Amino acid sequence: MKWVLALVCSIFIFSCSGDEFTADCDTWGEFSQCRKLNETELEIYNDVATCMGVTDELPSPTVVIVTGQSLNCGDISSAGCQIRGFIAFPESESDVLGAEFIWRHEFTHEILELTTGSADRKHKSEWFINNDCIR
């Protein structure tokens, strides 16, 4: 019986670590928008993908705009967050042209997840070290 409890606890612990979590529009709390990328955002998303050497067309993420000045991304307060097919920003960073660095950063996570299977949350890949496609 103890091994069953240990197994259940292990599954729970490992399901909450790394990249193994999911999202929907209300993951970050109260939101004011949940939508596909607009034309300008899609252009920048495609620019980041092209800069990263991606030639295949990628599905675009769903944008979630959360009320407030920041949002919780895992266990940190942040100006942006990416989780499998979703990118979220607080209202203060909701304009892609006013917060382009933050949007490009989250786009990079999404593109990495789609092309490599890992969003590189620890920012160890060349894309975060050099910031070539994020600037």
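Two strands count as paired if DSSP finds at least two bridges between them, and helices (H or I, at least four residues) and strands (E, at least two) are DSSP runs numbered from the N terminus. The views below show a predicted model, in which local features need pLDDT of at least 70 and side-chain atom pairs count only at pLDDT 80 or more, while totals for chains, interfaces and linings use all residues. Residues are numbered from 1 along each chain as its sequence is written, and side-chain values use heavy atoms, with hydrogens and water left out.

**View 1. An open sheet of four strands, with helix H3 packed on it.** Strands E5 and E6 (residues 86-90) pair in the antiparallel sense over three bridges; one to look for joins Gln 82 to its bridge partner in E6, Ile 87. The strand order is E1-E2-E6-E5, with mixed pairing. At the edges sit E1 (31-36) and E5 (81-83), each pairing on one side only. Neighbouring strands are turned by 20° against each other on average, direction ignored. Helix H3 (residues 100-116) touches E1, E2 (62-66), E5 and E6, where contact means heavy atoms within 4.5 Å. The direction of H3 makes about 160° with that of E6; axes here are lines fitted to C-alpha atoms, for helices over the stretch in contact, and angles run from 0 to 180 degrees between N-to-C directions.

**View 2. A cluster of Tyr 45, Phe 89, Trp 103 and Phe 107, linked by ring pairs.** Rings of Phe, Tyr and Trp (its six-membered ring) pair if their centres lie within 6.5 Å; planes under 30 degrees apart count as stacked, over 60 as edge-to-face and the rest as tilted. By this rule there are three aromatic pairs. Tyr 45 and Phe 107 meet edge-to-face, 5.1 Å centre to centre with 75° between the planes. Since Tyr 45 lies in helix H2 (residues 39-51) and Phe 107 in helix H3, this pair ties together parts that are 62 residues apart in sequence. Phe 89 in E6 and Trp 103 in H3 are 14 residues apart, and their rings are stacked at 4.0 Å centre to centre, with 15° between the planes.

**View 3. Glu 41 of helix H2, and its surroundings.** At 2% relative accessibility, Glu 41 counts as buried (under 20% relative accessible area; exposed is over 50%, partly exposed in between; 1.4 Å probe, protein chains only). Its side chain joins that of Arg 35 through a polar contact of 2.7 Å (a pair of N or O atoms within 3.5 Å; within protein, one must be able to donate a hydrogen and the other to accept it, and residues adjacent in sequence count only if both atoms are side-chain atoms). Not counting residues up to four places away in sequence, Glu 41 touches several residues, including Val 63, Trp 103 and Phe 107.
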